[in-house]
Amino acid sequence: MPVRTVLQRGPKGKKAVVFAVDWPGWSRGAKTPELALELLESYRERYRPVTVAAQMADEFDAAGPLDVVEDRVGAGSTDFWGISFSPSGLENEPMDDTEIDRKIELLRACWGFFDAVASRVSAEMRKGPRGGGRSRDEIIRHTIRTESEDFAKRLGLRVPEGGALTPKGLRDYRAMYVATMREYNDGETKRMRSWNLPFLIRHSAFHTMDHAWEMEDKDLTAPAG
């Protein structure tokens, strides 16, 4: 089966983002749709460890080429960041049990990948355009706080400032985040306005993987490039 791929273009055509809608976290943006698709394909092997951790590697390895099944204009922020900021037409709620279980398992695998990368890269990061001279710990704090104190609020989950930055706090937060996702999917909490649950999971997975790959790319113990 081909990889169902969604293309979202910035309204001004400055940047585009493509993502594999069935594989949360596998998403890349670039200046043109063609470059974004090329970049997404180049990250196939970099995303594979997530599928191994989620015990979905056989399915992933059997996947065929990228197949753009939706091409649409995205949110204005896509022009600036090259990131998807809105659900695709293929992401609907509520999800059935099989779909939500699958996507949550992949999100958990993204978290595990991020944690593993954070534990092995250098404390100081190679300088570059992204984040300037931001250190490993600054990247970790940004990634965890953005998800726990921003994304999670979309579900009505309130985490104290810095509350997820300790090992126990992070474990407890992630467990609450997943539990709240399930409650939301069952219709037990207030609906989000511009986001929906499949997008929230995908955006959380993307943000986690994007910064995990950033740390890998800037690791001073690894060869440049």
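This section describes helix packing, the nonpolar core, cavities and selected local sites in a predicted model.

Helix α7 covers residues 167-185 and has 19 residues. From its first C-alpha to its last it reaches 27 Å. That is close to the 27 Å expected at 1.5 Å a residue. The buried residues of α7 are G169, L170, Y173, R174, Y177, V178, T180, M181, Y184 and N185. These residues cover an arc of only 165 degrees around the axis, so they lie on the same side of α7. On the other side of the helix, K168 and R171 are exposed. The buried residues of α7 pack against three helices: α5 (97-120), α6 (136-149) and α8 (197-218). G187 follows α7 and has a positive phi, near 80 degrees.

Helix α6 also has the expected span. At 1.5 Å a residue, its 14 residues should span 20 Å, and the end C-alpha atoms are 20 Å apart, which agrees. The buried set of α6 consists of R136, I139, I140, T143, I144, T146, E147, S148 and E149. Charged residues such as R136, E147 and E149 are thus listed among the buried positions of α6. The partners of this buried set are α5, α7 and α8.

The largest nonpolar core holds 57 residues. Within this core, W23, W26, Y177, L197 and M215 touch the most other members. Two strands, β1 (3-9) and β2 (16-20), each give two or more residues to the core. The helices that do so are α1 (33-42), α2 (44-53), α5, α6, α7 and α8. The most comes from α5, with 11 residues. Y177, one of the core residues with the most contacts to other members, is also among the buried residues of α7. W26 has a broad list of partners beyond four places in sequence. They are V3, F19, A20, L40, Y43, R44, Y47, F60 and L66.

Enclosed space was examined next. The count comes to 2 cavities of 30 Å³ or more. About 70 Å³ of space lies in the largest cavity. Its lining is formed by W111, F114, T143, I144, E147, L170, Y173, R174 and T208. Helices α5, α6 and α7 each give two or more residues to this lining. Several lining residues recur in the helix descriptions. T143, I144 and E147 line the cavity and are among the buried residues of α6. L170, Y173 and R174 also line the cavity and are among the buried residues of α7.

Two positions in helix α8 were considered individually. P198 lies in α8. At 1% relative accessibility, P198 counts as buried, being under 20%. Beyond four places in sequence, P198 touches E91, N92, E93, M95 and K103. P198 and E149 are 49 residues apart in sequence, and their C-alpha atoms are 19 Å apart in space. H207 also lies in α8. Its relative accessibility of 10% makes H207 buried as well. Leaving aside neighbours within four places in sequence, H207 is in contact with H142, T143, T146 and F151. Of these contacts, T143 and T146 are listed as buried residues of α6.

G29 is found in strand β3 (residues 27-30). With a relative accessible area of 28%, G29 is partly exposed. Apart from residues up to four places away in sequence, G29 touches A16, V17, A36, L39 and G82. G29 and R158 are 129 residues apart in sequence and 30 Å apart in space, C-alpha to C-alpha.

Two backbone features remain. Most residues other than glycine have a negative phi, and most peptide bonds are trans. A cis peptide bond joins E93 and P94, with omega about 0 degrees. P94 is placed in the loop between α4 (77-81) and α5. E93, on the other side of this bond, is among the residues touched by P198. Q55 is not a glycine, yet has a positive phi of about 60 degrees. Q55 sits in the loop between α2 and α3 (57-61). At 75% relative accessibility, Q55 counts as exposed.

Notes
Residues numbered from 1 in each chain as written. Predicted model: local features only at pLDDT ≥ 70, side-chain atom pairs only at ≥ 80, totals over all residues. Heavy atoms only, no water. Helix = DSSP H or I, 4+ residues; strand = E, 2+ residues; numbered from the N terminus. Expected span 1.5 Å × (residues − 1). Buried < 20%, exposed > 50% of the residue type's maximum accessible area, 1.4 Å probe, protein only. Arc of directions from axis to C-beta. Contact = heavy atoms within 4.5 Å. Core = buried A, V, L, I, M, F, W, Y, C linked by side-chain atoms within 4.5 Å. 1 Å grid on protein atoms, 1.4 Å probe; cavity = no way out; pocket = protein on both sides within 12 Å on 5 of 7 lines; lining within 4 Å. Points joined across faces, edges and corners; volume = space filled by probe spheres on them.
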